[in-house]
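Visitor: I am new to protein structures. Could you show me one and explain how its labels are chosen?
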Amino acid sequence: MTIHGLQKMTLLDFPGRVACTIFTAGCNFRCPFCHNARLVTELQPTDAMSAEAVLSFLGKRRGLLDGVCITGGEPLLQADIADFIARVRDMGFLVKLDTNGSFPDKLRGLIDRGLVDYVAMDIKNSPEKYAATAGFSSDLLPRVRESIALLLEGRVDYEFRTTVMNEFHEPEDFEAIGRMIAGAKRYFIQSFVDSGDLIVKETFTAPPQDVLERMREAVLPFVPSVSLRGV
């Protein structure tokens, strides 16, 4: 595991749980608006933490934390992610995984083994805009669709979510997003917030409330629970 960050407690990242958040380094996407450049394109060796150090921390938090969020970067890039999660679960913690959905085989393996309790998968944009928004070649989109289908099977609790900004998203994109995830349990539209650590040093802006509402309404015919987050 290549770990480059640990948030010792969060009440927001794991729905209904008191958790910590582990940040893995590296990602196969290059979303221009990514707010974790230090985990993707500006890795700092001094930020590295050993898996053993993180597990030692967790050992001291038994009874204080319910769960562990594993985010990135893209956690499924980590070759030993399953073994690490198994050790975390053996310590009595629930596990939430954040993913971009481009590794459906690895995701299926974790679900088959019962290693994850909640999955949050990013939906970057409509299919036509996906590659440009995520900064990857279009041949990854079938893998994203496979991960969507896997979560729609309902074998693990999950959410889909999209971080939106004026420069990449329009209300018209969200009918297509709704069709991609039709039948999903829940979907969140997240308003972009500039962390000051973006991959592309440009100015991105969040849509106003009325535009966010139009985006939400476009998805509602396909997903019964669509909420705005961060507004």
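Guide: Let's begin with glutamate 175, which is partly exposed because its relative accessible area is 38%, and the label covers values between buried, under 20%, and exposed, over 50% (1.4 Å probe, protein chains only). Please keep in mind that this is a predicted model, where local features need pLDDT of at least 70, side-chain atom pairs count only at pLDDT 80 or more, and totals for chains, interfaces and linings use all residues. Residues are numbered from 1 along each chain as its sequence is written, and side-chain values use heavy atoms, leaving out hydrogens and water.

Visitor: What makes glutamate 175 and arginine 179 a salt bridge?

Guide: A salt bridge needs a side-chain nitrogen of Lys or Arg within 4 Å of a carboxyl oxygen of Asp or Glu. The closest N and O atoms of glutamate 175 and arginine 179 are 2.8 Å apart, so the pair fits the rule.

Visitor: Why are glutamate 175 and arginine 179 said to be separated by about one helical turn?

Guide: They are four residues apart in helix H7 (residues 173–180), so about one turn separates them. Helices here are DSSP runs (H or I, at least four residues), and strands are runs of E, at least two, all numbered from the N terminus. An α-helix has 3.6 residues a turn, so residues three or four places apart point the same way.

Visitor: Why is arginine 179 called exposed?

Guide: Arginine 179 has 53% relative accessibility, so it counts as exposed.

Visitor: How do you know that glutamate 153 and arginine 108 form a salt bridge?

Guide: Their closest N and O atoms are 3.9 Å apart, so this pair also meets the salt-bridge rule. It links distant parts of the chain: glutamate 153 sits in the loop between helix H6 (141–152) and strand S6 (157–164), while arginine 108 belongs to helix H4 (residues 104–112), 45 residues apart.

Visitor: Why is cysteine 20 not bonded to cysteine 69?

Guide: A disulfide is a pair of cysteine sulfur atoms within 2.5 Å. The sulfur of cysteine 20 is 7.2 Å from that of cysteine 69, its closest, and therefore too far for a bond. Cysteine 27 is in no disulfide either, with the nearest cysteine sulfur, in cysteine 31, 6.5 Å away. The count of disulfides comes to zero.

Visitor: Why is cysteine 20 called buried?

Guide: Its relative accessibility is 0%, so cysteine 20 counts as buried. Cysteine 27, at 16%, counts as buried too.
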